[in-house]
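The following exercises are to be worked with the sequence and the coordinates side by side. Please attempt each task before reading its solution.

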Amino acid sequence: PAAAACEATSECAATPLTALSNGTAAWQIQAWTGNGFGGWSALVTVAVDIGAPPAPDLVSPSGPTGGASPVFRWNASANAVLYYVRADDAIGQRVDAWLTPAQVGCPGGGVCTLAPSVTLSSGPGSWEVIAWNPNGYGPWSTTASFVVP
């Protein structure tokens, strides 16, 4: 009861550790006490329809970077499992990375952050991000332009 938050109420809640795939899922529950197991509840079906993640919303850099090693920040996309970040400087592609939300500090949403270990060349650059989950790729973010001093 404590784990399901129903010690003081008759309604319990639990979040499964297994992610569901799109389609129909079914679940039921069985209680246990010191006297043994109770009967299984009626089977409950639920439709799962999670689409591809939306486009990430870029935060920074945009415009002057202030240095040759900018930190890339974007708002998390709902239901994203992976992000692909690419950034070009005046010479060419310098960031090419697939990252989990945990790797960029946004497993529960919020702002994702990538501080790549590259030094960008002076001049104009651009970057963009795409999110992915098992149901597909979302659209690319807008492309943000920046300038390295």
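Four exercises on this predicted model follow, each with a worked solution.

**Exercise 1. Overall form**

Determine the secondary structure content of the chain and compare its radius of gyration with that of a compact globule of 149 residues.

Solution.
- Step 1: Count the elements. The chain has zero helices and 13 strands, so that its pattern along the sequence is an unbroken series of β elements.
- Step 2: Compare the radii. The chain has a radius of gyration of 22 Å, whereas a compact globule of 149 residues would have one near 15 Å.
- Step 3: Consider the dimensions. The C-alpha trace spans about 70 × 30 × 20 Å along its principal axes.
- Step 4: Consider burial. Of the 149 residues in the chain, 30% are buried.

**Exercise 2. The sheet around β7**

Establish the strand order of the open sheet that contains β5, β7 and β10, and identify the strands at its edges.

Solution.
- Step 1: Take the first pairing. Strand β5 (residues 57–60) is antiparallel to β7, with three bridges between them. Within this pairing, Asp-57 has Asn-75 as its bridge partner, and Ser-60 stands opposite Arg-73.
- Step 2: Take the second pairing. Strand β7 is also antiparallel to β10 (residues 111–114), here over four bridges. Trp-74 of β7 has Cys-112 as its bridge partner.
- Step 3: Assemble the order. The three strands form an open sheet, β5-β7-β10, with antiparallel pairing. Strands β5 and β10 each have a single partner strand and stand at the edges, so one side of each lacks a neighbour in the sheet.
- Step 4: Add the twist. Neighbouring strands of this sheet are turned by 30° against each other on average, direction ignored.

**Exercise 3. The two faces of β7**

Which side chains of strand β7 (residues 72–75) are buried, and which are not?

Solution.
- Step 1: Recall the general rule. In a regular strand, side chains alternate between the two faces of the sheet.
- Step 2: Apply it to β7. Phe-72 and Trp-74 point to one face and are buried. Arg-73 and Asn-75 point to the other face and are not buried.
- Step 3: Combine this with the pairing. Trp-74, one of the buried residues, is the bridge partner of Cys-112 in β10. Arg-73, which is not buried, stands opposite Ser-60.

**Exercise 4. Salt bridges and a nonpolar patch**

Locate the two salt bridges, classify their residues by accessibility, and then describe the nonpolar surface patch that includes Trp-27.

Solution.
- Step 1: Examine the first salt bridge. Glu-128 pairs with Arg-86, and their closest N and O atoms are 2.5 Å apart. Glu-128 belongs to strand β11 (residues 123–133) and Arg-86 to strand β8 (residues 82–88), so this pair ties together parts that are 42 residues apart in sequence.
- Step 2: Classify this pair, with buried meaning under 20% relative accessible area. Glu-128, at 13%, is buried, whereas Arg-86, at 31%, is partly exposed.
- Step 3: Examine the second salt bridge. Arg-94 pairs with Asp-89, and the closest N and O atoms are 2.7 Å apart. Asp-89 is buried at 6% relative accessibility, while Arg-94 is partly exposed at 31%.
- Step 4: Turn to the patch. Trp-27, Ile-29, Val-44 and Val-46 make a nonpolar surface patch of about 360 Å². Trp-27 is located in strand β1 (residues 23–27), and its relative accessibility of 48% places it among the partly exposed residues.

Note on methods
Residues are numbered from 1 along each chain as its sequence is written. This is a predicted model: local features need pLDDT of at least 70, side-chain atom pairs count only at pLDDT 80 or more; totals for chains, interfaces and linings use all residues. Side-chain values use heavy atoms; hydrogens and water are left out. Buried means under 20% relative accessible area, exposed over 50%, partly exposed in between (1.4 Å probe, protein chains only). Two strands pair if DSSP finds at least two bridges between them. Patches are made of residues with over 30% relative accessible area and no salt bridge: like charges are joined within 9 Å, nonpolar side chains (Val, Leu, Ile, Met, Phe, Trp, Tyr) within 5 Å. Accessible areas come from the Shrake-Rupley method with a 1.4 Å probe; for residues, only the protein chains shown count as cover. A salt bridge is a side-chain nitrogen of Lys or Arg within 4 Å of a carboxyl oxygen of Asp or Glu. Axes are lines fitted to C-alpha atoms, for helices over the stretch in contact, and angles run from 0 to 180 degrees between N-to-C directions. The radius of gyration is taken over C-alpha atoms; the globule rule is 2.2 Å times the number of residues to the power 0.38.
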